[in-house]
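Reader: Please pick one local spot in this model and look at it closely. Then follow it outward to whatever else can be said about its surroundings.

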Amino acid sequence: MYVRDLDLRDFRSWPELTLTLEQGATVFAGRNGHGKTNIVEALHYTSTLGSHRVSTDAPLIRSGCSDARVSVTTVNDGRELTTHLLIKANGANQAQINRTRLKSAREVLGVLRTVMFSPEDLKLVAGEPAERRRFLDDLATSRAPRLGGAKADYDKVLRQRNALLRSSAHELRRGYGDDTGASALATLDVWDLQLARLGAEVTAGRLELLDVLSPHIAESYAAVAPESRPASVSYSSTVDDAVRSLAGEPSRDPGVIEAAMLTELARRRREEIERTTTLVGPHRDDMVLMLGDTPAKGYASHGETWSYALALHLAEYELLASEGSHPVLILDDVFAELDALRRQRLVAVAHSAEQVLITAAVGDDLPDNLADAVSARYLVSMHEANSTIEANDG
């Protein structure tokens with residue numbers, strides 16, 4: 001799999017950009033803040049419908065503009081598909097594949113697969129659970145786009161349920177003995193049913209993903225940090241106890257997880273009404289990263305944290321490659337952060353990829369055994385607040 005054509009309009013610092021890319025390694029060099037990461041961010045966004053740097057779409061649109069466009073032609077085993085994404089400041093984003101208008105932008109998921117390494121990866125290990133949940137959801141969606149739809153629908157229901165808990169807190173506290181209280185509680189029951197059904201699908205998808213991803217993580221970490229303690233991962237859910245109570249053991253069955261969610265939502269309803277927020281569901285779960293018997297978060301050294309972050313993406317790449325075409329590999333300003341051993345491991349993966357896109361600061365040298373494989377180089381610079389690009393044959 002590789003990207004042949006990229007066309008941007010009003011995306012980040014790019015009023016316009018049209019590139020024809022090649023297989024092999026392509027380097028975008030430039031000073032920090034001049035727009036090189038914006039190029040690879042656009043490709044990663046096409047793959048996941050999310051940015052690795054921000055949680056909302058608004059910052060992706062160039063200042064003063066109402067929307068941005070990202071068009072990408074992906075070649076996979078000789079088959080070409082062109083996706084067009086219109087990212088809007090207000091309203092739902094729009095999408096096309098070739099000339100066909102899609103009902104939902106989520107329908108482009110799966111056309112392009114990417115694995116990105118970036119300095120922000122440290123947050124996967126040292127950051128909040130939301131970072132690790134997003135990692136799991138992006139990968140799960142890449143493998144099975146329907147899970148992306150389930151997660152998006154879950155998020156909508158969650159917002160509606162939280163809005164009810166906030167706006168009708170007084171009525172909900174009155175209980176069933178009051179007409180307005182009974183009406184509000186009946187509405188809450190409806191949201192509970194939808195939340196549990198969608199939440200069970202999201203949770204089951206994450207658990208099934210971790211079942212196949214975990215061995216790759218352990219192997220990748222051992223290769224990157226052979227002197228360190230062994231790495232292992234597990235999933236911590238708000239319904240773990242309820243699942244064990246119902247099934248007698250951990251379960252991946254969405255029906256069991258749905259029943260457990262409904263049980264927990266009922267048990268914690270009074271607390272949720274008092275706190276006016278939803279306390280049960282996959283939005284509060286976490287992927288727990290361990291080194292030996294110790295949690296990596298808060299206890300891993302800086303080097304171990306980088307090794308773990310690297311191992312997560314190496315495992316992601318190996319899993320996707322084992323299930324089909326090799327994903328496009330994006331290396332965003334990471335070589336300056338890595339020592340010789342970690343660079344060597346990353347370069348080995350880069351050599352196996354059909355296409356590698358690399359950003360680096362001006363003057364940064366690539367590892368010698370990767371620099372020889374570079375097929376194209378571009379110099380990215382900033383002129384009057386807009387990014388510009390030119391081929392660099394040097």
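**From a loop residue outward**

Author: Leu49 sits in the loop between α1 (36-48) and β4 (67-76). The model is a predicted one, and every value below is computed from it. What is unusual about the backbone at Leu49 is its phi, which is near 60°, a positive value in a residue other than glycine. Is Leu49 buried, exposed or partly exposed? Its relative accessibility is 22%, and it therefore counts as partly exposed. The cut-off for buried is under 20%.

Another non-glycine residue with positive phi is Asp77, where the angle is near 55°. Asp77 belongs to the loop between β4 and β5 (79-88). Asp77 counts as exposed because its relative accessibility is 74%, and the cut-off for that class is over 50%.

Back at the start of the first loop, Thr48 leads to another part of the chain. Thr48 and Thr141 are separated by 93 residues in sequence, yet their C-alpha atoms are 7.6 Å apart in space. Thr141 is part of helix α3. With 10% relative accessibility, Thr141 counts as buried. Apart from neighbours within four places in sequence, Thr141 has contacts with Leu109, Leu147 and Gly148.

Helix α3 covers residues 129-143, 15 residues in all, and its end C-alpha atoms are 21 Å apart, close to the 21 Å expected at 1.5 Å a residue. Thr141 has company in being buried there: the buried residues of α3 include Arg132, Arg133, Phe135, Leu136 and Asp137, and further along the helix Leu139, Ala140 and Ser142. These buried residues pack against the helices α2 (122-126), α4 (145-167), α6 (179-224) and α10 (302-322), and also against β9 (231-236) and β10 (286-291).

The domain assignment puts these places in a wider frame. It gives domain 1 as 2-113 + 328-391, and domain 2 as 141-286. The contact involves 7 residues of domain 1 and 12 residues of domain 2. Between the C-alpha centres of the two domains lie 33 Å. About 810 Å² is buried between domain 1 and domain 2, with 58% of that on carbon and sulfur atoms. How many salt bridges are counted between domain 1 and domain 2? The count is 1. A salt bridge joins the side chains of Arg106 and Asp153, at 3.9 Å from N to O.

The second segment of domain 1, 328-391, takes in helix α11 (residues 340-352). Its 13 residues should span 18 Å at 1.5 Å a residue, and the end C-alpha atoms are 19 Å apart, which agrees. Buried in α11 are Arg342, Leu346, Val347, Val349 and Ala350. Viewed down the axis of α11, the buried residues fall within an arc of 160°, so they line one face of the helix. Ala340 and Gln344 are exposed and lie on the face turned away from that buried side. The cover over the buried residues of α11 includes the strands β8 (114-117), β12 (328-332) and β13 (355-360), along with the helices α6, α10 and α12 (368-371). Helices α6 and α10 are also among the elements that the buried residues of α3 pack against.

How values were computed
Residues numbered from 1 in each chain as written. Predicted model: local features only at pLDDT ≥ 70, side-chain atom pairs only at ≥ 80, totals over all residues. Heavy atoms only, no water. Helix = DSSP H or I, 4+ residues; strand = E, 2+ residues; numbered from the N terminus. Expected span 1.5 Å × (residues − 1). Buried < 20%, exposed > 50% of the residue type's maximum accessible area, 1.4 Å probe, protein only. Contact = heavy atoms within 4.5 Å. Arc of directions from axis to C-beta. Domains from an automatic or database assignment. Buried area = accessible area lost by both parts, 1.4 Å probe. Salt bridge = Lys/Arg side-chain N within 4 Å of Asp/Glu carboxyl O.
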